[in-house]
Amino acid sequence: MQQEIIQCNCCGCGACALKCPKQAITMRQDNMGFLIPVIDNQLCIDCGLCEKVCSFKKRQKHKWQPLKVYGGRLTDLEALSESQSGGAFWAFACQIIKNNGVVYGVALTDSFMATHIRVTSIHDLKRLRGSKYIQSVVGDTYCGVSADLKQGKKVLYSGTPCQVSGLMAYLSPKQYDNLYTVDLVCHGVASPQVWKDYLNWIENKEGDKITHCNFRDKKYGWGTHIETFILKKKGEIAQSIFKDLFYRHLIIRESCHNCPFTNLSRVSDVTVGDYWGWSSASNRFCDQKGVSLILINTIKGDKLFEAAKQDLLIEASNVQDCLQPQLIHPAERPLEKDVFIKDYHAKGFEYALRKYAIIGWRNSIKNFIEHFCLFVQKVNFHLKIMK
């Protein structure tokens, strides 16, 4: 007999499965493509290690409040253009690689699914650049980190806060001076299954094969969110369908609505993300090339930052100016989410897109209203200036 763990209390990091001494826990996909632990009761010996290692369910209070806050970006304009925000992660990761260390982060597979990989060269490090909004598969990277640390290697591990917290719980009670962690200001993680269906929908609609994808193409501007796909015969297409599903919280993991990490009590040495609202804090970097929010949370993180800042243009900021919803509370659960998921499974991907105004005439009306409201706001603004 097998027992599924309640999804709202599981982030899918897989630490419990890796820690289990009897391999009684298997990570399996649910109907949205999210990995959840399934326990084989015939193998389970009730040792309690799975409960002990679960850093999500315990709601552990992390002691690291930001020591320093910065806005910044890479000095290397080519690397900046390939990074999603200001490229701060690239600067940190390069420092580790240059010192013969190892970096763990998220890359896309040949089928454009997200997975954590181990990197030891600048060339391979490029695979970790750019946002991947679907949840990545951690796999056995926690074991890899442990092995690298025991060999005395310097290691940088990056991921969502729950993934980093899972790593620290897996390694506990041991502490490693040569382990550095970087987490993200996380909005939530989107469904791998919906992403897969989206790719298939595009290929069927276009009658062509996708050879490359970009979740958020920066050439349209840092403040925009346009996803692009390169088709084998037709070339590039651009749209924002997956983005709309994601930001309406219809396809994010259930536990993201219950996340204990969406606050200023950070789990990593350094936290990075987009510095939304930067223009209200400074008139520097206001050119759509991107600005990273950098939270230095530990003395170790500050040490890494001091080494990396030679590759960054930075400006000191503060907690008040950098606050954004993902640093205050979890993503709100939309009232229509259950019905959306039911429609998606019963009637298919395209039906759900049309019904929930992601594509089709409902979407056209919604866009018209939004653009009209923006136009009215601009007119009123200019009228006030003229007075």
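Trainee: What is the relative accessible area of Asp311?
Mentor: Keep in mind that this is a predicted model. Buried means under 20%, and exposed means over 50%. Asp311 falls between these limits, so it counts as partly exposed. Its relative accessible area is 22%.

Trainee: Which residue meets the side chain of Asp311 in a salt bridge?
Mentor: Asp311 sits in the loop between α11 (299-308) and β14 (312-316). Its partner is 213 residues away, in helix α4 (residues 88-98). That partner is exposed, with a relative accessible area of 53%. The N to O distance is 4.0 Å, and the residue is Lys98.

Trainee: How many salt bridges does the count come to?
Mentor: A pair counts when a side-chain nitrogen of Lys or Arg is within 4 Å of a carboxyl oxygen of Asp or Glu. Lys98 and Asp311 form one such pair. By this rule, the count comes to 20.

Trainee: How far apart are the closest N and O atoms of Lys243 and Asp244?
Mentor: The two side chains form a salt bridge. Asp244 has 15% relative accessibility, so it counts as buried. The closest N and O atoms are apart by 3.0 Å.

Trainee: Which helix holds both Arg354 and Glu350?
Mentor: These two form a salt bridge, with their closest N and O atoms 3.1 Å apart. Arg354 is partly exposed at 39%, and Glu350 is partly exposed at 34%. They lie four residues apart, about one turn of the helix. That helix is α14.

Trainee: Which element gives the largest share of the largest nonpolar core?
Mentor: The core has 39 residues. Among those that touch the most other members are Trp195, Tyr198 and Phe229. Elements giving two or more residues include β9, β10, α9 (241-247) and α13 (337-347). The largest share is six residues, and it comes from α8.

Trainee: Which residues are in contact with Leu245, leaving aside its neighbours within four places in sequence?
Mentor: Leu245 is itself one of the core residues that touch the most other members. Phe340 is another of them. Leaving aside those sequence neighbours, the contacts of Leu245 are Val194, Leu250, Ile251, Phe340, Phe349, Leu353 and Ile358.

Trainee: Which are the edge strands of the open sheet of three strands?
Mentor: The order is β9-β10-β11, and the pairing is antiparallel. An edge strand pairs on one side only. The edge strands are β9 (210-214) and β11 (235-239).

Trainee: Which residue in β11 stands opposite Phe229?
Mentor: Strands of a sheet pair through backbone hydrogen bonds. Strand β10 (residues 227-231) is joined to β11 by five bridges. Opposite Phe229 stands Ile237.

Trainee: At about what angle does helix α8 run to β10?
Mentor: Helix α8 spans residues 192-206. It lies across β9, β10 and β11. Its angle to β10 is about 50°.

Trainee: Why is helix α6 called largely enclosed by the rest of the structure?
Mentor: Helix α6 covers residues 141-150. Its buried residues include Tyr142, Val145 and Leu149. They pack against several elements, among them β5 (102-108), α7 (161-171) and β8 (179-184). The helix is largely enclosed because the buried residues number seven of the 10.

Trainee: Which residue takes a positive phi just after α6?
Mentor: Look just past the end of the helix. The phi there is about 85°. The residue is Gly152.

Note on methods. Residues are numbered from 1 along each chain as its sequence is written. This is a predicted model: local features need pLDDT of at least 70, side-chain atom pairs count only at pLDDT 80 or more; totals for chains, interfaces and linings use all residues. Side-chain values use heavy atoms; hydrogens and water are left out. Buried means under 20% relative accessible area, exposed over 50%, partly exposed in between (1.4 Å probe, protein chains only). Contact means heavy atoms within 4.5 Å. Two strands pair if DSSP finds at least two bridges between them. Axes are lines fitted to C-alpha atoms, for helices over the stretch in contact, and angles run from 0 to 180 degrees between N-to-C directions. A nonpolar core is a set of buried Ala, Val, Leu, Ile, Met, Phe, Trp, Tyr and Cys residues joined through side-chain atoms within 4.5 Å.
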